[in-house]
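Hi everyone, thanks for coming. Let me put the structure up, and then I'll walk you through how its parts fit together.

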Amino acid sequence: MHEMSIALGIVRIAEEEVTKRNAEFVSEIELEIGELSGIELDSLDFVWPVAVKETVLSHAKLEIDFRPGKAKCIDCDTKFEIHRLSDECPSCGSYFKDIIQGKEMRVKTLTLEHKPQKSN
């Protein structure tokens, strides 16, 4: 289950941003995950609470922007939905394609809560 290592990597990214921006914690995180990224969303949901426990993400609202797979046939230029990397072009049957969308796996946004400023 590589989703745990992915979740821990997301925690590491959030912790680096919190430190860099002198914030206290993350109140909301939005991930962009593509259908062809190899991430099982159910598995990520399962490991998320354990991965973020006692971290800057422990109280963050998690939003996932799911990106369906889309490709363009190299042989006939048809654009089509793709659910597996091995899918063929529905127009000409070719397996040669460029993936347009669906391999995304990134932290899209972090909403940071800052530490109160100390007055002099």
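Before we start, one term: two strands count as paired if DSSP finds at least two bridges between them. Please also keep in mind that this is a predicted model.

With that term in hand, look at strand E3, residues 70-73, which pairs with E5 in the antiparallel sense over four bridges. One place to find this pairing on your screen is Cys73, which stands opposite Lys97 in E5. These two strands belong to an open sheet of three, ordered E4-E3-E5, with antiparallel pairing. At its edges are strand E4 (79-81) and strand E5 (97-101), each pairing on one side only. From one strand to the next, the twist averages 35°.

Now to the other sheet. Here three strands form an open sheet in the order E2-E1-E6, and the pairing is mixed. Strand E2 (61-67) and strand E6 (105-114) are the edge strands; each has a single partner strand, so one side of each is left without a neighbour in the sheet. On average, neighbouring strands in this sheet are turned by 20° against each other, direction ignored.

Strand E1, residues 23-34, pairs with E6 in the antiparallel sense, over nine bridges. Take Leu31 as an example: its bridge partner in E6 is Val107. Packed on this sheet is helix H2, residues 41-52, which touches E1 and E2, and its direction makes about 165° with that of E2.

Next, follow the chain into the loop between H2 and E2, where you'll find Thr55. Is Thr55 buried or exposed? Its relative accessibility is 18%, and the cut-off for buried is under 20%, so Thr55 counts as buried. And what does Thr55 touch, apart from neighbours within four places in sequence? Its contacts there are Val11 and Glu15.

That brings us to helix H1, residues 3-20. This helix has 18 residues and reaches 26 Å from its first C-alpha to its last, close to the 26 Å expected at 1.5 Å a residue. Its buried residues are Glu3, Ile6, Ala7, Gly9, Ile10, Val11, Ala14, Glu17 and Val18. As a reminder, an α-helix has 3.6 residues a turn, so residues three or four places apart point the same way. What covers the buried residues of H1? The cover includes E1, H2 and E6.

Last stop: H1 is followed by Asn22, whose phi is positive, near 55°. Thanks for listening!

Conventions: Residues numbered from 1 in each chain as written. Predicted model: local features only at pLDDT ≥ 70, side-chain atom pairs only at ≥ 80, totals over all residues. Heavy atoms only, no water. Axes fitted to C-alpha atoms, helices over the stretch in contact; angles between N-to-C directions. Contact = heavy atoms within 4.5 Å. Buried < 20%, exposed > 50% of the residue type's maximum accessible area, 1.4 Å probe, protein only. Expected span 1.5 Å × (residues − 1).
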